[in-house]
Amino acid sequence: MSYISGARSVPDSQVRISSTKMEGIGHKKAIQVRSRLGISGNIKMNELTKSHIDQMEQMSCQDHVVHWELKRGERADIERFISLSRYRGIRHQDRSPLRGQRTHTYARTCRKQIRK
């Protein structure tokens, strides 16, 4: 079992499915990376060589923001909202729903500490 940009790839799965498991890489970006490298989407992951896997990882990290960089950017945005005392930042601090959802009867996952 190999890891590509922090995402575990199952050896029996096809390349087109495994490449979308990387965080920050969707269907279209996965197609772009595969077409640049000349890899078919129907090949299984265990049929790829180590050099193909390394090239896929290098190409996806070079052109797109993936995995840790993406998470770091999201966390920086949240911290910026909190420091500016924006509404979304306050809701993040309180661990309340951000986008107008009800809090009286739903949002139990956000209110775990309140719930008895």
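## A walk through the helices

Start by selecting His 67, which sits in helix 4, the run of residues 67-83. You are looking at a predicted model. His 67 counts as buried, because its relative accessibility is 13% and buried means under 20%. Check its backbone as well: phi is near 45°, a positive value in a residue other than glycine.

Next, go to Ser 85, in the loop between helix 4 and helix 5. Its phi is also positive, near 55°, and again the residue is not glycine. Is Ser 85 buried or exposed? With a relative accessible area of 53%, Ser 85 is exposed.

Carry on into helix 5, residues 87-94, and pick Ile 90. Ile 90 counts as partly exposed, at 38% relative accessibility. For a distance to try in your viewer, join the C-alpha atoms of Ile 90 and Ile 78: they are 12 residues apart along the chain and separated by 9.9 Å.

Now show helix 2 (residues 27-37) together with helix 3 (residues 50-63); their axes come within 10 Å and cross at roughly 130°. That angle makes helix 2 oblique to helix 3. The crossing of these two helices is right-handed. To see who makes the contact, display these side chains:

- from helix 2: Val 33, Arg 36 and Leu 37
- from helix 3: His 52, Gln 55, Met 56, Met 59, Ser 60 and Asp 63

Colour them by character and you will find four nonpolar, three polar and two charged residues.

Stay with Leu 37, in helix 2. Leu 37 is buried, with a relative accessible area of 17%. Which residues does Leu 37 touch, leaving out those up to four places away in sequence? They are His 52, Gln 55, Met 56 and Met 59. Take Gln 55 as one partner: Leu 37 and Gln 55 are 18 residues apart in sequence, yet 7.7 Å apart in space, C-alpha to C-alpha.

Leu 37 also leads you to the last stop, the largest nonpolar core, which has 15 residues. Those with the most contacts inside this core are Ile 4, Val 15, Leu 37, Ile 39, Leu 48 and Met 56. Helix 2 and helix 3 are the elements that give two or more residues to the core. In soluble globular proteins, nonpolar side chains tend to be buried together.

Finish by selecting Leu 48 and its neighbours. Not counting residues up to four places away in sequence, Leu 48 touches Val 15, Ile 39, Ile 43, Ile 53 and Met 56.

Technical notes
Residues are numbered from 1 along each chain as its sequence is written. This is a predicted model: local features need pLDDT of at least 70, side-chain atom pairs count only at pLDDT 80 or more; totals for chains, interfaces and linings use all residues. Side-chain values use heavy atoms; hydrogens and water are left out. Axes are lines fitted to C-alpha atoms, for helices over the stretch in contact, and angles run from 0 to 180 degrees between N-to-C directions. Helices (H or I, at least four residues) and strands (E, at least two) are DSSP runs, numbered from the N terminus. Angles under 35 degrees count as roughly parallel, over 145 as roughly antiparallel, 65 to 115 as roughly perpendicular and the rest as oblique. A crossing is left-handed if the near helix is turned anticlockwise from the far one by less than a right angle, and right-handed if clockwise. Contact means heavy atoms within 4.5 Å. Ala, Val, Leu, Ile, Met, Phe, Trp, Tyr, Cys and Pro count as nonpolar, Asp, Glu, Lys and Arg as charged, and the others, Gly among them, as polar. A nonpolar core is a set of buried Ala, Val, Leu, Ile, Met, Phe, Trp, Tyr and Cys residues joined through side-chain atoms within 4.5 Å. Buried means under 20% relative accessible area, exposed over 50%, partly exposed in between (1.4 Å probe, protein chains only).
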